[in-house]
Amino acid sequence: MDKEIIKQHKISDEEYQEILNILGKEPNLLELGVISAMWSEHCSYKSSKKYLNGFPTKAPWVIQGPGENAGVIDIGKGMAAVFKVESHNHPSFIEPFAGAATGVGGILRDVFTMGARVVASLNSLKFGNIHDKKLGKHQKYLVKGVVNGISHYGNCMGVPTIGGECAFDECFNGNILVNAFALGTCKIEDIFYAKAEGVGNPVIYVGSKTGRDGLGGAVMASDSFNESSKSLRPTVQIGDPFAEKLLMEACLELFKTDYIVGIQDMGAAGLTSSSFEMAGRSGSGMKLFLDKTPMREEGMTPYELMLSESQERMLICAKQGCEDKIIEIFNKWGLDAAIIGEVTNTGKMELFWHDELVGLIPIEPLSEKAPILNRPTSQPKYLDEIKDYKFTLQISTQEAFEKLLANENISNKAYIYEQFDSSVQTNTLKSDGNLGASSIRVKENNCLLSMAIECNSRLNYVNPKIGAAAAVASAGRKIACSGAKPLAISDCLNYGNPQNPEVMWQFAQGCEGIKQACKELNTPVVSGNVSLYNETDGVSIFPSPTIACVGVNENVNKILKSFFSKETQAIYLIGKTKGNFGGSLISKILDQKVAGILEEIDFKEELELWDFLLKANEYNLLDCANSVGIGGIAMTLAKMSAKSSLGIQTKSNFSEKSYIFEESPTRVIIGVKNEEEFTKFAQNFKLQFSKLGVINENDFILDDIKISLEKLQNLYFKKFEEYLG
């Protein structure tokens with residue numbers, strides 16, 4: 001085969017030799033295209049798989065761990081939560097509206113294909129420098145496009161977007177991150193899996209027709225960007241949320257029957273990945289008659305039909321004799337449904353075009369035995385350059401406070417979350433404007449289900465292992481602050497170019513941090529995604545492992561809010577403040593440095609803090625709780641004060657004035673209802689408790705910082721929208 005064609009499919013010389021060994025012949029163009037998609041980084045995890053082994057994935061409450069469309073946990077009384085987080089970074093950078101919209105569509109399908117109705121979504125967004133004279137205008141365009149895309153798709157689907165995070169740093173100038181999370185609920189016995197077994201069972205295509213949009217999307221997502229990437233727009237899929245709404249309802253109706261063996265979303269690599277994965281998991285073979293595929297464009301070829309990433313499509317393995325009933329359901333919802341193949345026992349994928357065999361590929365080598373690369377790793381040289389950095393506050397705490405509060409990484413993102421419908425389905429108890437974790441009720445078992453999404457890229461740059469562990473701990477802490485017990489996580493591992501040994505070292509370290517944290521905190525990984533090649537013109541993003549954590553409180557009435565009220569009798573800080581400025585926001589803003597070192601997380605202390613929060617909430621001792629994050633206690637208190645429209649009178653008693661801005665982990669600010677009862681209760685725990693102060697009507701006072709509540713709220717609530725213009 002022509003070497004240029006092989007190169008265009010991102011197949012290395014070694015991989016091509018392996019293809020020759022597997023096929024026993026030269027591949028034709030269709031076979032090469034199918035194999036290149038299945039062996040792309042996006043589909044095969046060939047650079048990352050060796051580091052993903054060893055993730056804790058089991059617990060008594062885990063029903064399904066990694067390997068299916070989404071993870072599943074038991075949330076009590078016969079109910080399950082189904083969830084996953086995934087990236088759509090490259091498409092969103094090329095075409096922000098369509099890329100972000102189809103990212104939402106894809107993650108929703110991953111969840112409802114398991115048999116669950118999607119009841120909540122979150123997102124984690126990272127953009128570049130919106131103040132940059134050259135690039136700022138484009139970054140603002142990306143922000144607006146991404147937010148519009150997410151809100152358009154989620155709102156049209158009737159799925160509430162109830163939380164998320166958004167951060168800005170010039171390391172994302174060339175590669176933004178758009179990570180979407182979705183969660184659904186269903187009865188445990190109603191969960192469906194992606195399998196295709198039973199010789200002679202029909203394979204049915206359902207959903208929208210196939211077009212040429214998204215061709216080569218999986219391969220595109222497995223490469224870095226350069227100037228020529230501007231021509232990649234045709235590889236970005238175009239979504240139709242109204243078609244997906246119909247598809248979801250049709251699938252949920254189908255799941256109430258006994259007509260199917262398995263079902264799979266056509267996501268990355270479209271019909272290729274769905275067919276190979278379903279057959280591969282079952283050890284089966286499959287015949288596909290590609291000319292029977294519903295098409296919306298004329299003259300489509302087998303190559304295009306196998307590799308198109310047109311949206312809103314599913315592949316079903318049906319029970320023989322049920323075909324007409326299944327087709328009837330989808331036709332009722334105005335969707336295409338066509339029998340395009342059958343299950344065999346050959347272990348091979350046989351692709352036919354008008355009764356002619358045009359492709360013959362063994363399934364197991366592609367779906368289960370893709371190449372596993374042992375890429376070189378080396379510790380980044382920059383770590384030696386940044387480790388000796390020490391932050392010193394050179395301006396007044398008042399000035400530093402106001403600079404941080406007005407920064408886009410702190411200021412309220414109402415511009416974003418007010419575009420999302422957070423109350424549709426009427427189960428939302430706590431949404432994005434409320435700080436911390438977001439929460440819904442599950443009517444079927446009357447439990448409180450909390451979820452949080454977390455990633456501090458600066459910490460991961462300074463120390464990829466501790467930074468990743470900190471994301472796990474922080475996401476879990478936010479869940480505990482809402483009154484729910486953290487149970488499991490889904491991860492989306494966003495890193496740079498794996499061909500760079502320093503990036504692979506960061507990735508390996510990040511995986512170790514997640515493994516350690518999940519094991520120690522008993523929050524197993526049940527689903528996830530890897531996004532590599534987040535690099536433009538040789539510049540990689542900061543390591544950014546996004547962690548989404550889910551937790552449960554069996555009593556829906558025990559939700560804990562995240563900011564003060566007039567019932568707050570006293571304000572306390574729980575946890576140790578150690579003077580940790582490594583990767584802190586204040587050092588970035590005032591010194592333009594992402595530097596320093598991080599201390600290891602004390603997981604026993606973290607668990608003790610979670611236990612305290614859950615028990616104190618159970619005994620009704622707390623008015624509110626909020627995890628201390630970026631900007632330290634100063635920014636955490638400022639947000640809680642602004643959201644509650646209540647001033648505070650507080651004193652930190654730290655040995656250094658600047659410590660109000662440092663970012664030590666494992667800390668929470670709480671509002672106490674009954675101080676006497678709280679003090680007695682706190683004696684049962686080995687945690688450090690420090691009283692900060694009380695509620696104050698009109699002013700925010702912390703040490704020598706004093707600002708009127710009105711000015712505080714103006715800085716916090718209005719700056720972000722001003723920046724976007």
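Here are some friendly notes on how parts of this predicted model fit together.

1. **The big core.** A good place to begin is the largest nonpolar core, which has 178 residues. Within this core, the residues with the most contacts are Phe330, Phe401, Phe661 and Ile670. Helix α19, residues 464-481, gives the most to the core, contributing 11 residues. Try finding those four residues in the viewer before you read on, since Phe401 and Phe661 will come up again.

2. **A second core.** Apart from the largest core lies another one, made of 39 residues. Among its members are Val203, Met300, Leu315 and Leu351.

3. **Phe661 and its neighbours.** Which residues does Phe661 touch, leaving aside those up to four places away in sequence? The list includes Leu393, Thr397, Ala400, Phe401 and Leu404. Phe661 also touches Phe581, Ile586, Gly631, Gly632, Ala634 and Ile705. Notice that Phe401 is on this list, and that Phe401 and Phe661 are both named among the residues with the most contacts in the largest core.

4. **Helix α16 and its buried side.** Helix α16 covers residues 397-406. Its buried residues are Thr397, Ala400, Phe401, Leu404, Leu405 and Ala406. What do these residues pack against? Their partners are the helices α21 (585-591), α23 and α25 (709-724), together with the strands β27 (699-702) and β28 (705-708).

5. **Thr397, a closer look.** Thr397 sits in helix α16. Is Thr397 buried or exposed? Its relative accessibility is 5%, and buried means under 20%, so Thr397 counts as buried. Not counting residues up to four places away in sequence, Thr397 touches Lys657, Phe661, Asp704 and Ile705. You have met one of these contacts already, because the list for Phe661 includes Thr397.

6. **Where α16 crosses α23.** Helix α23 spans residues 632-644, and its axis comes within 10 Å of the axis of α16. The two axes cross at roughly 60 degrees, so α16 and α23 are oblique to each other. The crossing of this pair is right-handed. On the α16 side, Phe401, Leu404 and Leu405 take part in the contact, and they meet Ala634, Met635 and Ala638 of α23. Sorted by class, this contact has 6 nonpolar residues, with no polar and no charged ones.

7. **Where α19 passes α22.** Now turn to α19 and helix α22, which covers residues 603-618. Their axes come within 9 Å and cross at roughly 15 degrees. Why do α19 and α22 count as roughly parallel? Angles under 35 degrees count as roughly parallel, and the crossing at roughly 15 degrees is therefore in that group. The crossing of α19 with α22 is left-handed. From α19, the residues in contact are Ala469, Ala473, Gly476, Arg477, Ala480 and Cys481. They meet Phe603, Glu606, Leu609, Trp610, Leu613 and Leu614 of α22. By class, this contact divides into 9 nonpolar, 1 polar and 2 charged residues.

8. **Two residues with positive phi.** Glu312 is not a glycine, yet its phi is positive, at about 60 degrees. Glu312 is placed in the loop between α12 (302-307) and β10 (313-318). Asp355, another residue other than glycine, also has a positive phi, near 70 degrees. Asp355 is found in the loop between β12 (348-353) and β13 (356-362). Which of these is buried and which is exposed? Glu312 is buried, with a relative accessible area of 3%, whereas Asp355 is exposed, at 70%.

9. **Far in sequence, then in space.** Phe717 lies in helix α25 and counts as partly exposed, with 29% relative accessibility. Phe717 and Ala406 are 311 residues apart in sequence, and their C-alpha atoms are 9.0 Å apart in space. Not counting residues up to four places away in sequence, Phe717 touches Asn412, Ala642 and Lys643. For another pair, take Glu328 in helix α13, residues 323-332. Glu328 counts as exposed, at 56% relative accessibility. Glu328 and Lys77 are 251 residues apart along the chain, and their C-alpha atoms are separated by 34 Å.

Definitions and conventions. Residues numbered from 1 in each chain as written. Predicted model: local features only at pLDDT ≥ 70, side-chain atom pairs only at ≥ 80, totals over all residues. Heavy atoms only, no water. Axes fitted to C-alpha atoms, helices over the stretch in contact; angles between N-to-C directions. Helix = DSSP H or I, 4+ residues; strand = E, 2+ residues; numbered from the N terminus. Parallel < 35°, antiparallel > 145°, perpendicular 65-115°, else oblique. Left-handed = near helix turned anticlockwise from the far one by under 90°. Contact = heavy atoms within 4.5 Å. Nonpolar A, V, L, I, M, F, W, Y, C, P; charged D, E, K, R; others polar. Core = buried A, V, L, I, M, F, W, Y, C linked by side-chain atoms within 4.5 Å. Buried < 20%, exposed > 50% of the residue type's maximum accessible area, 1.4 Å probe, protein only.
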